[in-house]
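Here are my notes on this model. Please keep the structure open while you read them.

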Amino acid sequence: MTMTDGKVLLEVNNLKQYFPIKGGVLGRTVNQVKAVDDISFVIHEGETLSIVGESGCGKSTTGRSIMRLEKPTGGQIIYNGEDLFALSKKEMRRRRGDIQIIFQDPYASLNPRRTVFQTIDEAMTIQKVGDKSNRRQDIGELLKTVGIGEHQMNLYPHQFSGGQRQRIGIARALSVRPKLIICDEAVSALDVSIQAQVLNLLKDLQRRFKLTYIFISHDLGVVRHISDRIIVMYLGKIMEISDQKSLFNNPGHPYTYALLSSIPSTKMDEKKARVILHGDVPSPVNPPTGCPFHTRCPYVFDQCVSEKPVFYQIGENQSAACHLLKNGKVEFKNMKSPG
Ligand code: SF4
């Protein structure tokens, strides 16, 4: 059984998250940043779905929209059959027990004036989890699960290392017994050796507690180790959705191919395969016409400038939005890159 055979836990339909740009004396909306622009995907129970892309591609905004930390501009998010955007604030607070988020900077997300015990106790009290009288024991167990000593529960965040603080962030997320955890650049601030430990911990916890992860990262090297499926985003849009193996062995979209080329350790044909992306990501205020990637794509042709590509199914669990795929999958390494 593959992960995509599992029950759909979360469905994102045509999600749009625009942020207004105010201007003039009256502070009217003069333009919009299209941080997330009409994206759709599903997540299955027990899978790890990663969202990757350069900074500003909309991956973190997508995570925040799912948590309803932003007021959505449009679309639907269906969690376990329930439309999250239709819930009142109070109802959404209850749902937050099911969906948790772990941020990049554990220090910023932990209150420096609260001990580890107080931090986790507060989360459990708000979500009405467990019995108050067993709190010390429950939190001690939880800390042991993430590799922190029970005796450390009365310490403050500054008394821990970066890796330990992230473990505490994970313990806090787990304390309310979530089903879905959004890891937003959760290991990006950690040293490589600590990254590996935290990734292994996340995998272990997933098996033990049947967790589903959305793993948001700019680092394809990290994503490779944790993902079942991967979404590649660019300028607020999805370029490719693929299972991990197909994406790394045979990417379907020129942008994915270019991102993979930039990882030094990938087993790609050195001379033919490398595609260097030139220039910066264009502004999401005035995204390019047609294919959003056309200003940087080495394979651009006329149609790309005028027409938005549709998604083409190019494998059992792989689809991508590129005009080149109209007649099936393309081997990018055999194509000439003007870059
Ligand atoms: Fe490149 Fe055109 Fe494909 Fe966009 S549609 S990725 S510009 S070839």
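1. Searching the whole of this predicted model turns up 1 cavity of 30 Å³ or more. Its volume is about 90 Å³.

2. What lines the largest cavity? The lining has 13 residues. Cys 291, Cys 297, Cys 304, Cys 322 and His 323 lie nearest the centre. By class, 10 of the lining residues are nonpolar and 3 are polar. No charged residues take part in the lining.

3. Now the sheet. It is open and has 8 strands, in the order 6-7-8-3-9-10-12-11. The pairing is mixed. Strand 6 (99–102) and strand 11 (311–315) stand at the edges. Each has a single partner strand, so one side of each is left without a neighbour in the sheet. On average, neighbouring strands of this sheet are turned by 20° against each other, direction ignored.

4. Look next at strand 7 (residues 180–184) and strand 8 (residues 212–217). These two run parallel and are joined by 5 bridges. Ile 181 stands opposite Tyr 213 in strand 8.

5. Which helix packs on the sheet by touching strand 3, strand 7 and strand 8? Helix 7 (residues 192–209) does, with strand 3 covering 48–52. The direction of helix 7 makes about 160° with that of strand 8.

6. Helix 10 (residues 254–261) lies across two strands, strand 9 (229–234) and strand 10 (237–243). Helix 10 runs at about 100° to strand 9.

Definitions and conventions
Residues are numbered from 1 along each chain as its sequence is written. This is a predicted model: local features need pLDDT of at least 70, side-chain atom pairs count only at pLDDT 80 or more; totals for chains, interfaces and linings use all residues. Side-chain values use heavy atoms; hydrogens and water are left out. Two strands pair if DSSP finds at least two bridges between them. Helices (H or I, at least four residues) and strands (E, at least two) are DSSP runs, numbered from the N terminus. Axes are lines fitted to C-alpha atoms, for helices over the stretch in contact, and angles run from 0 to 180 degrees between N-to-C directions. Contact means heavy atoms within 4.5 Å. On a 1 Å grid over the protein atoms alone, a cavity is a set of points where a 1.4 Å probe fits but cannot get out, and a pocket is an open set with protein on both sides within 12 Å along at least five of seven lines; lining residues have an atom within 4 Å of a point. Grid points are joined across faces, edges and corners, and a volume is the space filled by probe spheres set on the points. Ala, Val, Leu, Ile, Met, Phe, Trp, Tyr, Cys and Pro count as nonpolar, Asp, Glu, Lys and Arg as charged, and the others, Gly among them, as polar.
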